[in-house]
Amino acid sequence: ARAPLDTFAGLDGAVVPPDVCAAWGAPRRPGREVAPTVSSVPTLIIAGEFDPDTPPKWADVAAAGLSRSRTIVVPYGLHTETTRWGGDGCAMSIAAAFFDDEDAFLASPEASPDAPTACLAARTPPDFAVE
């Protein structure tokens, strides 16, 4: 069954609630904009565990139509794990390994002793400050 036009792949919109669109008189999106993507292009989906904008469950929805994909959830990760230059570089090294040899990565990123995903196990919870 197809998702209704006010959702993306069956998930409620995260950016603009439907009642706001209605108040502004925004037209409904065309069906092609909300249809799930289907592709065999090699795809790496990196999701941050604590990403409030695009939560990891959305990665699973996106991956459902991508026959040659792998989803990596970065523990304690945020929305911008592959652009956090001051971070630990874990997500960036995983992305680099994928771009270096996507077929080998998709087959098994954990296969070698220097597996690019080994850094995920070393991640620790962030420090929270309560004020």
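This report describes the fold, the second largest pocket, the largest cavity and one loop residue of a predicted model.

**Overall architecture**

The chain contains 5 helices and 4 strands. Read from the N terminus, its elements follow the order β-β-α-α-β-α-β-α-α. Of the 131 residues in the chain, 26% are buried. Among contacts with a separation of 6 or more, 68% join residues that lie 24 or more positions apart. The accessible surface of the chain is about 8,800 Å², and carbon and sulfur atoms account for 58% of that surface.

**Pocket and cavity**

The table sets out the second largest pocket and the largest cavity.

| Space | Volume | Nonpolar lining | Polar lining | Charged lining |
|---|---|---|---|---|
| Second largest pocket | about 180 Å³ | 8 residues | 5 residues | 2 residues |
| Largest cavity | about 40 Å³ | 2 residues | 2 residues | 4 residues |

The lining of the second largest pocket consists of 15 residues. Those nearest the centre of this pocket are Ile46, Ala47, Gly48, Asp51 and Thr54. Two elements, β3 and α3 (56-63), each contribute at least two residues to the lining. The largest contribution comes from β3, which supplies 4 residues.

What volume does the largest cavity have? The value is about 40 Å³. The structure has 1 cavity of 30 Å³ or more. The lining of the largest cavity is formed by Glu81, Arg84, Gly87, Asp88, Gly89, Cys90, Met92 and Arg123. By class, this lining holds 4 charged residues, together with 2 nonpolar and 2 polar ones.

**Threonine 37**

Threonine 37 sits in the loop that runs between α2 (31-34) and β3 (43-48). The strand at the end of this loop, β3, is also the element that gives the most residues to the lining of the second largest pocket.

Is threonine 37 buried or exposed? The relative accessible area of threonine 37 is 53%, so this residue is exposed, the cut-off for that class being over 50%.

Which residues does threonine 37 contact, apart from its neighbours within four places in sequence? The contacts are with Gly65 and Leu66. Threonine 37 and leucine 66 are 29 residues apart along the chain, and their C-alpha atoms are separated by 7.2 Å. Threonine 37 thus combines an exposed position with contacts to Gly65 and Leu66.

Definitions and conventions:
Residues numbered from 1 in each chain as written. Predicted model: local features only at pLDDT ≥ 70, side-chain atom pairs only at ≥ 80, totals over all residues. Heavy atoms only, no water. Buried < 20%, exposed > 50% of the residue type's maximum accessible area, 1.4 Å probe, protein only. Contact = heavy atoms within 4.5 Å. 1 Å grid on protein atoms, 1.4 Å probe; cavity = no way out; pocket = protein on both sides within 12 Å on 5 of 7 lines; lining within 4 Å. Points joined across faces, edges and corners; volume = space filled by probe spheres on them. Nonpolar A, V, L, I, M, F, W, Y, C, P; charged D, E, K, R; others polar. Areas by Shrake-Rupley, 256 points an atom, 1.4 Å probe, with all protein chains shown as cover.
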